[in-house]
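Please look over the sequence and the model shown here before reading on; the paragraphs after it lead through the strands and then the helices.

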Amino acid sequence: MKKREFFQKHLKISDERMLDELERHSWLWRAKRRDHIMEEGELLKDIPFLVSGILKACYRDSSGEENVYCFAYREGEVAASINSLHGEVRAISTVKAITECELCYVSLEVLQNLVRTVPELGYTYEMLLSESMRNMVEHERIINQCDSIERYAWFAEKYPELTDRRISQKDIASYLHMTAEHLCRIRSRKK
């Protein structure tokens with residue numbers, strides 16, 4: 001997909017001058033499986049958007065164990081683990097490619113300016129942020145209120161396109177707060 005087409009479809013931009021500006025200040029990158037897109041604490045100068053592929057956002061706990069807290073797999077999703085586009089922006093977790101991915105990076109400075117000055121883009125940004133927050137709250141509720149079988153059933157229903165893709169059982173198990181072995185037992189009972 002070309003950058004201009006991507007911005008029209010996913011950022012809902014139709015103004016030709018804005019599209020020209022975004023094209024001048026953006027670039028495409030093909031990430032290989034296991035590539036790191038960003039590291040926790042990294043100061044970001046560009047914000048990536050997912051064109052294709054699957055990513056995970058994760059952090060290390062106090063014992064050094066990797067914990068997955070979300071996946072990105074829908075075309076157009078912000079592929080950055082950030083909590084704001086305002087001021088200095090740092091990654092709040094590490095983002096890694098699970099599969100080969102194509103990403104469209106947009107200059108943070110240009111994006112910040114457009115979000116401030118173009119109401120439609122500001123609205124799109126707010127919608128993406130709201131959806132992300134809803135998903136995080138729902139995930140936290142499921143983890144705290146459901147047993148492991150219910151958690152996997154929720155995951156399979158909410159993310160059917162991820163259950164049979166090239167995501168490791170370890171990553172899914174981490175996201176669902178269980179061991180890979182326990183997830184394997186649950187999945188084998190479902191068959």
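**Sheets and helix contacts**

Strands β4 and β5 form a hairpin in which five residues lie between the two strands, and Gly64 in the turn has a positive phi of about 90 degrees. Helices and strands are named here as DSSP runs numbered from the N terminus, helices being H or I runs of at least four residues and strands E runs of at least two. The model is a predicted one, in which local features need pLDDT of at least 70 and side-chain atom pairs count only at pLDDT 80 or more, while totals for chains, interfaces and linings use all residues. Residues are numbered from 1 along each chain as its sequence is written, and side-chain values use heavy atoms, with hydrogens and water left out.

The pLDDT, which is the predictor's confidence in each residue on a scale from 0 to 100, averages 89 over the protein, and 98% of the residues score at least 70. Among the elements, the highest mean, 96, belongs to strand β1 (residues 26–31), and the lowest, 84, to helix α6 (residues 160–163).

The hairpin strands β4 (residues 55–60) and β5 pair in the antiparallel sense over six bridges, where pairing requires that DSSP finds at least two bridges between two strands. Along this pair, Lys56 stands opposite Phe71 in β5, and Arg60 stands opposite Glu66 in β5. Strand β4 also pairs with β6 (residues 94–97), again in the antiparallel sense, over four bridges, and Cys58 stands opposite Thr94 in β6. These strands belong to an open sheet of four strands with antiparallel pairing, in the order β2-β6-β4-β5. Its edge strands are β2 (36–38) and β5 (66–72), each of which pairs on one side only. On average, neighbouring strands of this sheet are turned by 35 degrees against each other, direction ignored; the axes behind such angles are lines fitted to C-alpha atoms, for helices over the stretch in contact, and angles run from 0 to 180 degrees between N-to-C directions.

A second open sheet consists of three antiparallel strands in the order β1-β7-β3. Because β1 and β3 (46–52) stand at the edges with a single partner strand each, one side of each is left without a neighbour in the sheet. Neighbouring strands here are turned by 30 degrees against each other on average, direction ignored. Strand β1 and strand β7 (residues 101–107) pair in the antiparallel sense over six bridges, and the bridge partner of Leu28 in β7 is Cys104.

Turning to the helices, the axes of α1 (residues 3–10) and α2 (residues 16–24) come within 9 Å and cross at roughly 125 degrees. That makes α1 oblique to α2, given that angles under 35 degrees count as roughly parallel, over 145 as roughly antiparallel, 65 to 115 as roughly perpendicular and the rest as oblique. The contact (heavy atoms within 4.5 Å) is made by Lys3, Arg4, Phe7 and Gln8 of α1 and by Glu16, Leu19, Asp20, Leu22 and Glu23 of α2.

Further along the chain, the axes of helix α5 (residues 148–158) and helix α8 (residues 180–190) come within 10 Å and cross at roughly 70 degrees, which makes α5 roughly perpendicular to α8. In this contact, Ser148, Ile149, Tyr152 and Ala153 in α5 meet His182, Leu183, Ile186, Arg187, Arg189 and Lys190 in α8.
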